Every structure is written in structure tokens, then in C-alpha cells.
Amino acid sequence: MRIYTITLLIFLFVPRAILYADTETYGYPINNPYEATVIGTPSQLQAPLPSKINITPLELTVFKNRKTPEILWYTESLEYSLASQEQKAPLVFAISGTGSSASSPGMQILQKILYQAGFHVLSLPSPTHPNFVTSASTYSVPGHIVEDSADLYRAMQLAWQQVRNDIEITDFYLTGYSLGGAQAAFVAKIDDKKQIFNFKKVLMINPPVSLYNSASILDKLLTRNIPGGIGHLDDFIKKVLNRLTEIYRTGEQVEFNDAFFYKAYQRYEPSKETLKAIIGLSFRWSAANMIFVSDVITNSGYVKPKNLELSLTDSLTDYFKVSLRIGFLSYFNEYLFPFFETLHPSLTRDQLIHNLSLKSIEEYLRENKKIGLITNADDPILAPGELDFLRDVFQSRAKIYPRGGHLGNMGYQDNVAYITNFFLN
């Protein structure tokens with residue numbers, strides 16, 4: 001998750017040791033993880049990447065007989081994209097982060113990194129993005145990483161069938177960032193059994209260890225740092241948007257990118273509490289879209305009245321306001337767990353929490369040497385002890401930077417060099 005949704009060398013391999021970036025020599029300058037998460041990498045420190053690459057937007061039908069509610073007509077087909085080389089090259093499947101599309105700014109950075117390195121790049125939205133929830137999710141109840149990853153794997157197969165005559169490939173690779181990074185591991189595990197792609201390498205970028213823990217952290221970043229409490233959520237949103245609008249109207253910066261948010265940060269110098277609340281709000285904004293769309297499709301009555309069919313002329317404002325006030329813990333306890341409990345009556349709450357964690361596939365991650373990890377020691381979505389878990393499981397396959405927050409340094413020159421070398425070597 002980057003804040004884009006609300007708003008965004010050669011590497012020396014050291015065997016049998018965790019790969020740390022030296023705190024003194026690592027040049028990423030932002031020490032505050034919340035600042036890094038919000039403003040990303042200052043432009044002068046970003047790796048040189050193509051300003052534009054040839055991206056072909058594509059779509060496919062996953063479930064031929066699925067009826068899409070009228071209000072969600074625009075999400076009927078799964079939207080993905082392909083950046084293709086003119087010559088034969090490896091193909092990298094890339095999975096977007098929480099609530100993000102295949103064309104999100106974070107994905108655009110990753111696409112450029114991989115394309116510049118000579119790869120075809122097939123980009124997929126997050127299973128938590130409304131388009132995926134509507135068009136490609138089996139149950140349309142997102143958040144169960146095992147089920148969501150199976151849905152991703154199906155979509156990958158269909159997408160490959162659609163583009164295979166347009167490109168020449170040598171090997172398949174897999175990556176993802178944030179939630180997409182964790183899902184990449186689960187997808188790889190499925191493929192190791194079915195052996196359709198036989199991914200040569202898999203890279204997880206800033207993944208959560210436990211979806212439950214990370215989402216709980218993000219919930220608290222919002223609820224504990226809004227001035228006056230959650231009851232003043234509307235006022236906080238208006239304040240944030242008004243200040244961003246003021247910057248936008250200056251005409252000096254017309255794109256919502258790292259430079260834009262860095263400029264906004266310099267002008268207003270938000271407090272640590274405000275930065276935390278903005279990060280939490282970004283997650284809550286994505287979750288609200290996900291929850292509403294899921295509720296409409298399943299007709300569960302969680303947000304809108306059960307059996308009420310919304311038309312294109314109906315206002316959705318009130319439904320979205322309700323969705324914004326649903327924290328992840330509420331979604332988990334009141335919606336996600338009850339749904340999967342009906343499918344698996346013996347399932348317990350603690351079992352589901354464990355299933356939504358990398359710890360549930362710990363042995364696989366330890367033994368599978370093709371899977372690598374990039375993360376930051378100060379990533380705010382990691383709960384106490386989870387960084388140690390990643391260090392212990394991945395050992396020499398882990399690249400741990402001393403700072404960068406959550407994805408704030410993905411475009412930094414050292415990080416780009418590492419991602420490139422991981423796949424090329």
C-alpha cells in the first residue's frame with residue numbers, strides 16, 4: 001500500500017547471511033517510516049527509469065455466466081495490462097498492492113523497473129480491488145489470502161492464454177508488492193504443485209507477515225490519530241483533500257506522484273500523528289471500496305439493505321460513508337470469518353487468522369530457494385517479532401533495508417538495482 005490511492009550497481013551477494021543494507025552507507029534519506037511511506041523517494045534520488053513504456057491495457061472474462069449488478073457494470077471484465085518486449089524475453093507476472101489496480105502508480109514503478117531490465121511484464125490488480133472482486137473472485141469475499149491467491153492463479157492462466165500468441169517468452173517469473181508480495185508466495189506454492197508456469201524466481205516486496213496483524217495496525221493508525229477521534233473522520237478527509245487541492249492549483253505540479261506529495265509535505269510539515277492518520281485513511285479508503293462492492297455482489301445486507309438493487313441513478317455517498325467506518329477487525333469478525341465458517345463449519349477464528357499469514361506456509365518458504373524477499377526494518381505494517389520471523393525464514397534470501405517505511409524506497413536507486421539483479425542473476 002502506497003498513499004497513491006488517496007492522494008502516491010551492482011549487488012554483491014553474501015552467502016549464508018542475511019543481506020542488510022548498511023545503515024551508514026544506505027543513502028535513502030528519510031528516517032521517519034511514516035514520512036517515507038507517504039512521500040516516497042525524492043526525485044533526485046530515484047533510479048533512472050523510462051518516462052514512459054508501451055503498456056497495452058487488456059481485459060478478459062473469468063466467469064462467463066456471472067451476472068454483474070447494474071451498479072457495478074464497469075467492473076464486469078478483469079482489467080490487466082501487458083508491457084511487451086519486441087524480442088523473446090522472460091515474462092514476469094506482477095501483483096498489485098492492497099486495493100490497487102494493474103495501472104496504479106506503485107505498479108507503474110515496478111513495470112518500468114522490469115521492462116527496462118528486458119522483461120515482458122503482465123500486471124494484475126489486487127484481489128482486493130473492486131474490479132477483481134466483481135470479475136475474478138470465486139466468492140467475491142476478499143481477504144482470505146489462500147482463496148484470493150487461487151483466484152489470482154486462475155486469472156494468470158487465462159491472461160497467459162490470451163497473450164501467448166503475441167509475445168515470445170523464455171521463462172516465467174513472479175513478483176508483487178505489499179499484499180501482492182504475500183500473495184506471490186501463495187501463488188508460487190500453488191504453481192509448484194500444478195506446474196503450469198514453473199516460476200524461475202519469485203520476489204516478495206514489503207509483504208505483510210500476518211494480514212490480520214497488519215490490517216489491525218493500519219486500523220489503529222487511523223482511529224488513534226484523527227484529531228477528535230473517528231467521529232471527526234469527515235472533517236479530517238476534507239482537511240487533507242483541501243490541502244492537496246491547494247498544492248494542485250498552484251500549477252507547478254500537475255501529477256499526483258512522489259514529487260507532488262514531497263512538495264505537500266514540505267509546505268505543511270504534517271505532524272507524526274497526521275502522517276499516521278493519512279496512512280490509515282489510505283487503507284480504510286481501499287477497504288471501504290472493497291467492502292461495498294463485496295456486499296453488493298453477495299447481497300449480504302452488511303452495508304446496503306438486503307435485496308435492495310441499486311440502479312445507476314442511485315447515490316452511493318451514504319453507503320460509502322458507512323463503509324469508511326468499518327474497520328478491518330469488524331470486517332473480519334462480522335463478515336469474512338462468518339462467511340468462511342459457513343463453508344467450513346469446523347473453522348475457528350484463530351485458525352483463520354493463522355491461515356491469513358506467511359506463518360501458515362513457513363516450511364515452504366524456508367525450503368524454496370527461488371523465493372526472495374525485500375523489506376524495510378522500519379516497515380510500519382509489521383507487528384513486533386515479524387521482522388525477526390522474516391530474517392529467520394529467508395536468511396540469505398532476505399534483503400533488509402534499514403529504512404524506507406512501507407514501499408517508500410521502492411523507486412530508490414539501490415532498491416531498483418537490487419530488484420533488477422535479483423531477476424537477471
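A salt bridge here is a side-chain nitrogen of Lys or Arg within 4 Å of a carboxyl oxygen of Asp or Glu. With that in hand, we can walk through this predicted model, starting from its charged pairs. By this rule the count comes to eight salt bridges, and three of them make good stops on our tour.

Let us begin with Glu362, which forms a salt bridge with Arg366; their closest N and O atoms are 3.0 Å apart. Both residues belong to helix α13, which covers residues 362-367, and they are four residues apart, or about one helical turn. How exposed is each partner? Glu362 is partly exposed, with a relative accessible area of 26%, and Arg366 is also partly exposed, at 29%. The pair does not stand alone: through salt bridges that share partners, Glu362, Arg366 and Asp392 are joined into one network.

Helix α4 holds another pair. Here Arg154 forms a salt bridge with Asp151, and the closest N and O atoms are 3.0 Å apart. The two residues are three places apart in α4, about one turn of the helix. Their surroundings can be told apart by accessibility: Arg154 is partly exposed, with a relative accessible area of 28%, whereas Asp151 counts as buried at 3%.

The third pair links two helices. Asp219 forms a salt bridge with Arg284, with 3.3 Å between the closest N and O atoms. Asp219 lies in helix α6 and Arg284 in helix α9 (residues 272-298), so this salt bridge ties together parts that are 65 residues apart in sequence. Are these two partners buried or exposed? Asp219 is buried, with a relative accessible area of 8%, and Arg284 is buried as well, with 3%. Both values fall under the 20% cut-off for a buried residue.

It is worth pausing at α6 itself. This helix spans residues 211-223, which makes 13 residues, and it reaches 18 Å from its first C-alpha to its last, close to the 18 Å expected at 1.5 Å a residue. Asp219 has company among the buried residues of α6, which also include Leu211, Tyr212, Ser214, Ala215, Ser216, Leu218, Leu221 and Leu222.

Now back to α4, this time to see how it packs. Two packed helices are described by the angle between their axes and the distance between the axes. For helix α4 (residues 145-163) and helix α5 (residues 179-194), the axes come within 9 Å and cross at roughly 65°. The crossing in which α4 passes α5 is right-handed. On the α4 side, the residues that meet α5 are Ile145, Val146, Asp148, Ser149, Ala150, Leu152, Tyr153 and Met156; on the α5 side they are Ala182, Gln183, Phe186, Val187, Ile190, Asp191 and Lys194. The residues of this contact divide into ten nonpolar, two polar and three charged.

One more residue of α4 deserves a look: Ala155, whose place is in this helix. Ala155 is buried, with a relative accessible area of 0%. Which residues does Ala155 touch, not counting residues up to four places away in sequence? They are Leu60, Leu78 and Phe132. Of these, Leu78 shows how the chain brings separate stretches together: Ala155 and Leu78 are 77 residues apart in sequence, and their C-alpha atoms are 8.4 Å apart in space.

Methods
Residues numbered from 1 in each chain as written. Predicted model: local features only at pLDDT ≥ 70, side-chain atom pairs only at ≥ 80, totals over all residues. Heavy atoms only, no water. Expected span 1.5 Å × (residues − 1). Buried < 20%, exposed > 50% of the residue type's maximum accessible area, 1.4 Å probe, protein only. Axes fitted to C-alpha atoms, helices over the stretch in contact; angles between N-to-C directions. Left-handed = near helix turned anticlockwise from the far one by under 90°. Contact = heavy atoms within 4.5 Å. Nonpolar A, V, L, I, M, F, W, Y, C, P; charged D, E, K, R; others polar.
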